[in-house]
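Good morning, colleagues. Please look at the sequence and the structure as they come up, and I shall then take you through the fold one part at a time.

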Amino acid sequence: MSAVAQQKLYAGAKLREMRTRLSLTQKEFAAKLGVSLPYLNQMENNNRPVSTTVVLALAQEFGLDVTELSTGDSERLVSDMREVMADPVFASDAPPMADLRLTASNAPALARAFLTLHRAYRQTHERLASLDEALGREDARIQASPWEEVRDFFHYCDNYIDAVDRAAEHFAGRLDPRSAAITALEHADITVAWSDIDGLRSYDAANKVLHLSNRASPQTQLFQLLLQVALLRQNDLLEATLDFARFQSDAARSIAKIGLANYFAGAAMMPYQAFLEAAQSCRHDLELLSTRFGASIEQVAHRLSTLQRPGAKGVPFFFVRVDQAGTITKRHSATRLQFARFGGACPLWNVHRAFETPGRFLRQLAETPDGVRYISLARDVSKPGGSFGSPVRRYAIALGCEVRHADALVYADGLDVSNDSAYEPIGISCRICERPDCHQRSVPPLERRLSINTDQRGVLPYEVN
């Protein structure tokens with residue numbers, strides 16, 4: 001508790017959001033917290049930090065997990081706005097970091113509106129650049145990409161959907177997930193057929209037959225089985241969650257529904273409390289957890305990144321998956337590390353080297369420009385096509401956390417986390433990475449002056465001042 005107080009925690013937006021959700025006036029809320037109305041007003045406007053007394057009252061009166069006050073949208077919004085400001089259109093007008101932090105904490109709705117506006121600008125610019133005949137078309141509307149809209153939904157939910165997670169945990173109950181899924185489908189008079197199909201799953205609604213590929217791995221088969229259960233037996237819950245999200249298009253809503261069904265499947269395979277206890281017991285050994293829950297390494301790593309249930313949080317992990325071109329295809333961070341919204345990940349990150357050592361875990365101690373240190377674990381995850389000549393999909397995943405949680409990770413054993421020289425410098429995006437001498441830099445950093453000497457050539461064709 002003292003650590004929270006010492007940091008002079010400003011959480012006005014969180015307080016306002018909580019009060020609004022509880023339908024309380026400022027006067028009523030102040031009375032429950034044991035503070036005066038002017039004092040609450042000052043805290044809600046970030047003119048005063050949240051006091052220790054208020055933090056205790058929030059925990060006792062409302063059961064709030066106090067760690068939620070210091071985490072959430074603010075860091076993500078700052079990271080996202082900083083990357084947006086790296087767009088050349090803002091090159092001469094980039095605000096200082098202090099202003100971005102102030103906006104994220106005091107006016108998060110304004111920050112999100114700015115991000116939405118920039119996204120619309122980018123999409124319009126890309127349409128014109130690719131000559132896709134957007135002008136003059138009746139359906140040429142400026143709106144968020146459905147995929148990006150869904151990505152941001154999960155991003156700002158901390159990749160934890162409480163209602164869906166608890167429903168999956170209840171569904172699994174005491175049965176193993178496979179038996180629970182088969183039983184649920186049998187009760188709905190649905191037959192499961194293991195077939196030699198090209199895809200992973202195909203549901204014949206007219207005949208009530210679910211076809212699953214007999215080429216897929218057992219983990220994938222179970223996941224697809226549970227996913228179909230979610231779509232058929234948890235439809236009301238999924239639709240209610242989608243109503244709450246208020247997506248801008250039917251396409252985004254449909255993509256999000258698949259995402260929620262995927263979430264349910266993973267949570268049913270690895271029920272929250274049982275998985276959390278097992279993860280803590282084996283110190284997050286991915287291979288042991290994979291065997292214990294019948295899940296793939298990627299499924300286990302992704303599940304670890306979702307353990308953010310209020311009152312029962314696990315280690316805050318980041319999780320990312322990249323393809324061979326370095327493009328991020330999945331991303332989530334419950335840590336201060338945020339990923340680039342556009343483009344690939346930092347080339348100095350060990351996730352890119354995982355392709356060179358298939359089947360092996362790579363460990364890395366890394367430090368970001370803000371001075372935060374992490375332990376990162378990377379591994380390739382190839383996905384065979386199931387037959388000769390079928391294409392093999394190759395990805396690499398990275399899972400990590402701040403080094404202060406190293407004792408909770410078996411992968412930290414043998415690493416000298418106290419040695420400053422053991423940490424490799426990594427960044428988020430070249431445009432917002434302030435390191436002046438990075439040998440892998442692709443473009444100059446924002447807000448830094450360049451010196452170009454035609455008579456000399458160093459690692460880079462310019463010097464960053």
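I begin with an open sheet of 6 strands, ordered β5-β4-β8-β7-β6-β9, in which the pairing is mixed. Please bear in mind throughout that this is a predicted model. Which strands stand at the edges of this sheet? They are β5, residues 328-333, and β9, residues 424-425; each has a single partner strand, so one side of each is left without a neighbour in the sheet.

The partner of β5 is strand β4, residues 318-323, and the two run antiparallel, joined by 5 bridges. Within that pairing, V320 stands opposite R331 in β5. A helix also packs on this sheet: α17, residues 297-304, touches β4, β5, β7 (373-383) and β8 (393-402). The direction of α17 makes about 35° with that of β8.

Let me turn to the second sheet. This one is open as well, with 3 strands in the order β1-β3-β2 and mixed pairing. Here β1 (191-195) and β2 (201-204) stand at the edges, and because each has a single partner strand, one side of each has no neighbour in the sheet. On average, neighbouring strands of this sheet are turned by 20° against each other, direction ignored.

The mixed pairing can be followed strand by strand. β1 and β3, the latter comprising residues 209-213, run parallel and are joined by 5 bridges. On that side, W194 has L212 in β3 as its bridge partner. β2 and β3, by contrast, run antiparallel, with 4 bridges between them. There, S202 has H211 in β3 as its bridge partner. β2 and β3 also form a hairpin with 4 residues between them, and K208 in the turn has a positive phi of about 55°.

Stepping back to the whole chain, we have 17 helices and 11 strands. The chain has 465 residues, of which 46% count as buried. If we take the contacts between residues at least 6 apart in sequence, 59% of them join residues at least 24 apart. The accessible surface comes to about 23600 Å², and 51% of this belongs to carbon and sulfur atoms.

Next, the interior. In soluble globular proteins, nonpolar side chains tend to be buried together. In this model the largest nonpolar core has 71 residues, and the members that touch the most others are F264, L286, L289 and L304. Helix α14, residues 250-269, gives the most to this core, with 10 residues. Taking L289 as an example, and leaving aside its neighbours within four places in sequence, we find L289 in contact with F275, A278, A279, C282, H284, V300 and L304. Another core lies apart from this one; it has 22 residues, among them V322, A345, A396 and A398.

I should like to mention some individual positions. T241 has its place in helix α13, residues 235-245. Is T241 buried or exposed? Its relative accessibility is 11%, and T241 therefore counts as buried. Not counting residues up to four places away in sequence, T241 touches F153, I161, V164 and L260.

V464 belongs to strand β11, residues 463-464. V464 too is buried, its relative accessible area being 11%. With neighbours within four places in sequence left aside, the contacts of V464 are P436, P445, R448, R449 and L450. From V464 to S451 the separation is 13 residues in sequence and 6.5 Å in space, C-alpha to C-alpha.

Towards the start of the chain, helix α2 covers residues 12-21, and its buried residues are G12, A13, L15, M18 and R19. An α-helix has 3.6 residues a turn, so residues three or four places apart point the same way. After α2 comes S23, whose phi is positive, near 55°.

Finally, the cysteines. How many disulfides does the structure hold? The number is 0. As for the surroundings of individual cysteines, C401 is buried, with a relative accessible area of 0%. C438 counts as buried as well, at 15% relative accessibility, because the cut-off for buried is under 20%.

To close, I return to the two sheets: one has 6 strands in the order β5-β4-β8-β7-β6-β9, and the other has 3 strands in the order β1-β3-β2. Thank you for your attention.

Notes
Residues numbered from 1 in each chain as written. Predicted model: local features only at pLDDT ≥ 70, side-chain atom pairs only at ≥ 80, totals over all residues. Heavy atoms only, no water. Pairing = 2+ DSSP bridges. Axes fitted to C-alpha atoms, helices over the stretch in contact; angles between N-to-C directions. Disulfide = S-S within 2.5 Å. Buried < 20%, exposed > 50% of the residue type's maximum accessible area, 1.4 Å probe, protein only. Contact = heavy atoms within 4.5 Å. Areas by Shrake-Rupley, 256 points an atom, 1.4 Å probe, with all protein chains shown as cover. Core = buried A, V, L, I, M, F, W, Y, C linked by side-chain atoms within 4.5 Å.
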